[in-house]
Amino acid sequence: MEEAKVSPLKNFIAGGVAGACLLLAGHPLDTIKVRLQTQPKASCAQYVIYTGTYDCFRKTVSKEKKKMHRDNEVIEGAIFYLVSKTCRLIGDSKLFVCMGAPLAGVAPMMAISFFGFGLGKQLQQTDPGKPLTHTQIFLSGCLAGVFTTVIVAPGERIKCLLQVNGKARYSGPLDCAVRLYKQQGIRSVYKGTVLTLIRDVPSNGLYFLTYEYLKNLLTPEGQSVSQLSTPKILLAGGVAGILNWTIALPPDVLKSNFQTGLVDVLRTLLREEGPTGLYKGFNAVFLRAFPANAACFLGFEVALKGLNAIAPSW
Ligand SMILES: CC(=O)O[C@H](CC(=O)[O-])C[N+](C)(C)C
């Protein structure tokens with residue numbers, strides 16, 4: 001297993017591309033996940049808003065279809081234009097609801113994530129010819145999780161509030177951020193930071209370790225990992241996404257609920273729903289994890305290859 005020279009800068013740029021791919025492939029199911037995770041618990045099943053992933057999908061699509069307003073025609077920039085067109089193509093649904101904010105958040109988040117991972121590897125890489133150990137790769141991933149929390153914690157706070165409340169409470173991400181800041185200051189914007197760290201530090205470690213491990217495993221003897229075929233990249237990325245969520249989901253459920261207003265989340269959830277409550281949104285999360293992360297790593301590898309071709313010496 002050979003280790004190429006790591007460039008955190010190239011990782012940063014390619015990571016941004018990866019983030020855009022992750023978002024485009026994963027946002028509809030992410031919206032469903034947050035709605036399922038944060039819906040209030042009803043005493044009688046008949047009053048639950050969404051009975052499951054499919055029910056939430058169906059209701060979101062039909063409800064939002066009815067609510068198409070002129071203001072949805074307002075296009076804020078080229079990216080938003082493309083997103084809203086894509087949105088219409090899948091049936092005028094609002095599963096891509098508030099995608100402007102996540103795109104502005106996820107692309108830099110993944111850029112920082114891949115940068116942190118690259119930096120972690122670079123710091124531990126004494127000899128470019130010598131492969132890093134699994135522990136070193138895991139720790140590099142953990143470092144990525146620490147870095148990303150700086151923007152993930154406020155980004156997720158805003159995203160979750162918008163996904164749960166739609167436009168009923170806030171006119172958009174900026175309005176949401178400003179109002180949180182004005183009402184309770186920076187602490188409110190950063191509400192959920194510890195839970196974000198608990199979710200993202202170990203899961204990033206496992207995420208990158210799985211991807212690198214599978215890439216090496218799938219590389220035929222005598223070939224370079226950089227020549228890995230597209231299906232194998234998709235497989236390694238998809239599996240990394242699934243394993244990432246196996247440990248990220250319980251703290252994610254706590255975080256989503258905490259960031260949208262529930263206090264004493266762990267105790268309340270365990271008392272009301274038992275340990276399975278910590279796996280709320282399971283179907284949506286795992287349906288999303290494979291394709292979204294497969295697309296993410298493919299976007300990363302393609303962008304990195306392009307950068308290596310344009311600027312081999314960086
Ligand atoms: C928990 C989470 O956000 O995971 C990211 C992938 C995904 O499915 O959204 C990846 N990362 C580990 C980089 C945070």
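Is Ser224 buried or exposed at 18% relative accessibility? Ser224 counts as buried, because its relative accessibility is 18% and buried means under 20% relative accessible area, with exposed over 50% and partly exposed in between (1.4 Å probe, protein chains only). The legends below describe a predicted model, in which local features need pLDDT of at least 70, side-chain atom pairs count only at pLDDT 80 or more, and totals for chains, interfaces and linings use all residues. Residues are numbered from 1 along each chain as its sequence is written, and side-chain values use heavy atoms, with hydrogens and water left out.

**View 1. The whole chain is helical in its regular elements, with eleven helices and zero strands.** Helices (H or I, at least four residues) and strands (E, at least two) are DSSP runs, numbered from the N terminus. Along the sequence the pattern reads α-α-α-α-α-α-α-α-α-α-α. The chain has 314 residues, and 49% of them are buried.

**View 2. Ser224 sits in the loop between H8 and H9.** Its side chain makes a polar contact of 2.7 Å with the side chain of Ser226. A polar contact is a pair of N or O atoms within 3.5 Å; within protein, one must be able to donate a hydrogen and the other to accept it, and residues adjacent in sequence count only if both atoms are side-chain atoms.

**View 3. Eleven helices, one ligand: the shell is drawn from several of them.** The surrounding residues are Leu22, Met110, Ser113, Arg199, Asp200, Asn204, Tyr207, Asn244, Trp245, Arg288 and Asn293. A residue is near a molecule or strand if one of its heavy atoms lies within 4 Å of it. By class, the shell has four nonpolar, four polar and three charged residues. Here Ala, Val, Leu, Ile, Met, Phe, Trp, Tyr, Cys and Pro count as nonpolar, Asp, Glu, Lys and Arg as charged, and the others, Gly among them, as polar. H8 gives the largest share, four residues.

**View 4. Polar side-chain atoms approach oxygen atoms of the ligand at Asn244, Trp245 and Asn293.** For Asn244, an N or O atom of the side chain is 3.0 Å from a ligand oxygen. For Trp245, the distance from a polar side-chain atom to a ligand oxygen is 2.7 Å. For Asn293, the corresponding distance is 3.0 Å. The protein buries 96% of the 370 Å² that the ligand exposes when taken alone. Accessible areas come from the Shrake-Rupley method with a 1.4 Å probe; for residues, only the protein chains shown count as cover. Helices H4 (100-124), H8 (193-218), H9 (230-259) and H11 each give two or more residues to the shell.

**View 5. Helix H11 bends at Ala289.** H11 covers residues 282-310, 29 residues in total. The bend is about 35°, and Pro291 follows within four residues. A bend at a residue is the angle between axes fitted to the seven residues ending there and the seven starting there. From first C-alpha to last, H11 reaches 41 Å, close to the 42 Å expected at 1.5 Å a residue. The expected span is 1.5 Å times one less than the number of residues.

**View 6. Helix H1 bends at Gly26.** The bend is about 60°, and Pro28 follows within four residues. H1 (residues 8-38) has 31 residues, yet its end C-alpha atoms are only 36 Å apart, short of the 45 Å that a straight helix would reach. H1 is mostly covered, with 22 of its 31 residues buried.

**View 7. Ala18 and Val34 both lie in H1.** Ala18 counts as buried because its relative accessibility is 0%. Its C-alpha is 18 Å from that of Val285, 267 residues away along the chain. Val34 is also buried, at 1%. Val34 and Lys280 are 246 residues apart in sequence and 9.1 Å apart in space, C-alpha to C-alpha.

**View 8. Asp264 has a positive phi, near 50°, in a residue other than glycine.** Most residues other than glycine have a negative phi. Asp264 lies in the loop between H9 and helix H10 (265-273). Asp264 is partly exposed, because its relative accessible area is 43%.
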